[in-house]
Amino acid sequence: QVQLVESGGGLVQPGGSLRLSCTASGFTFSSYAMSWYRQAPGKERELVAAITSPGGNTNVADSVKGRFTISRDNAKNTMYLQMNSLKPEDTAVYYCNARSSYYHHLTYWGQGTQVTVSS
């Protein structure tokens with residue numbers, strides 16, 4: 001029923017770019033704030049970027065500010081994370097998250113996708 005399907009992860013060299021996608025189904029996408037989290041081995045999961053709906057307001061973690069851009073296309077039920085100027089410290093499993101804009105306890109997670117930045 002509820003699904004968050006991620007794509008776009010992989011191996012990239014430092015300075016390179018990737019675009020992650022998260023496509024949602026089984027709920028009203030436009031009524032959910034969307035976000036990207038990441039977790040590196042041995043570290044806590046951290047919020048990378050978030051985008052609201054309605055409104056489309058964004059916030060981005062200081063560690064990726066100026067390099068990553070979050071966006072969404074409600075007509076396609078899809079959220080994106082454009083990652084530029086990638087660094088080795090960006091290596092992590094990246095997770096898609098959805099949270100209801102009206103019932104904040106309703107939240108869903110994707111399965112995660114691996115991003116590895118290495119030469």
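These questions and answers walk through a predicted model of one protein chain.

Visitor: In which order do the four strands of the open sheet stand?
Guide: Strands of a sheet pair through backbone hydrogen bonds, either parallel or antiparallel. In this open sheet the pairing is antiparallel. Strand 1 and strand 7 are the edge strands, each pairing on one side only. The four strands stand in the order 1-3-8-7.

Visitor: What is the average twist from one strand to the next in that sheet?
Guide: The sheet in question is the open one with the order 1-3-8-7. From one strand to the next, its twist averages 15°.

Visitor: Which residue stands opposite Leu20?
Guide: Strand 3 covers residues 18-25. Strand 3 and strand 8 pair in the antiparallel sense, over six bridges. The residue of strand 8 that stands opposite Leu20 is Leu81.

Visitor: How many bridges join strand 4 to strand 9?
Guide: Strand 4 spans 32-39 and strand 9 spans 92-100. The two run antiparallel, and Ala33 stands opposite Arg99 in strand 9. The number of bridges joining strand 4 to strand 9 is eight.

Visitor: Which residue in the turn between strand 4 and strand 5 has a positive phi?
Guide: Strand 4 and strand 5 run antiparallel and are joined by five bridges; Met34 stands opposite Ile51 in strand 5. The two strands form a hairpin with six residues between them. The turn residue with a positive phi, about 75°, is Gly42.

Visitor: How many residues does the largest nonpolar core have?
Guide: Several strands give two or more residues to this core, among them strand 3, strand 4 and strand 9. Met34, Trp36, Met79, Leu81, Met83 and Tyr94 are the members with the most contacts inside the core. The number of residues in this core is 29.

Visitor: Which residues of strand 8 does Tyr94 touch?
Guide: Strand 8 runs over 78-83. Setting aside residues up to four places away in sequence, Tyr94 touches a list that includes Leu20, Trp36, Val48 and Phe68. Within the range of strand 8, that list holds Leu81 and Met83.

Visitor: How are the rings of Tyr95 and Trp109 arranged?
Guide: A pair of aromatic rings is described by the distance of the centres and the angle of the planes. For Tyr95 and Trp109 the centres are 6.4 Å apart and the planes make an angle of 85°. An angle over 60 degrees is the cut-off for one class of pair, so the arrangement of Tyr95 and Trp109 is edge-to-face.

Visitor: Which member of that pair is buried?
Guide: The pair links distant parts of the chain, with Tyr95 in strand 9 and Trp109 in strand 10, 14 residues apart. Buried means under 20% relative accessible area. Trp109 is at 39%, so Trp109 counts as partly exposed. At 14%, the buried member is Tyr95.

Visitor: Which charged residue lies over the face of Tyr95?
Guide: This residue lies at 3.8 Å from the ring centre of Tyr95. The face of Trp109 is covered too, at 4.8 Å from the ring centre, by Arg45. The residue over the face of Tyr95 is likewise Arg45.

Visitor: What separates the C-alpha atoms of Val2 and Phe27?
Guide: Val2 lies in the segment before strand 1, and its relative accessible area of 33% makes it partly exposed. Beyond its neighbours within four places in sequence, Val2 is in contact with Ser25, Gly26, Phe27 and Tyr108. Phe27 and Tyr108 also belong to one aromatic cluster with Tyr32. Val2 and Phe27 are 25 residues apart along the chain, and their C-alpha atoms are separated by 6.4 Å.

Visitor: Which peptide bond is cis, with omega near 0°?
Guide: The bond leads into Pro54, a residue in the loop between strand 5 and strand 6. The cis bond runs from Ser53 to Pro54.

Visitor: What is the phi of Asn77?
Guide: Asn77 is found in the loop between strand 7 and strand 8. With a relative accessible area of 26%, Asn77 is partly exposed. Its phi is positive although the residue is not a glycine, with a value near 50°.

Technical notes: Residues are numbered from 1 along each chain as its sequence is written. This is a predicted model: local features need pLDDT of at least 70, side-chain atom pairs count only at pLDDT 80 or more; totals for chains, interfaces and linings use all residues. Side-chain values use heavy atoms; hydrogens and water are left out. A nonpolar core is a set of buried Ala, Val, Leu, Ile, Met, Phe, Trp, Tyr and Cys residues joined through side-chain atoms within 4.5 Å. Buried means under 20% relative accessible area, exposed over 50%, partly exposed in between (1.4 Å probe, protein chains only). Contact means heavy atoms within 4.5 Å. Two strands pair if DSSP finds at least two bridges between them. Rings of Phe, Tyr and Trp (its six-membered ring) pair if their centres lie within 6.5 Å; planes under 30 degrees apart count as stacked, over 60 as edge-to-face and the rest as tilted. A charge sits over a ring if NZ of Lys or CZ of Arg is within 6 Å of the ring centre and within 35 degrees of the ring normal. Axes are lines fitted to C-alpha atoms, for helices over the stretch in contact, and angles run from 0 to 180 degrees between N-to-C directions.
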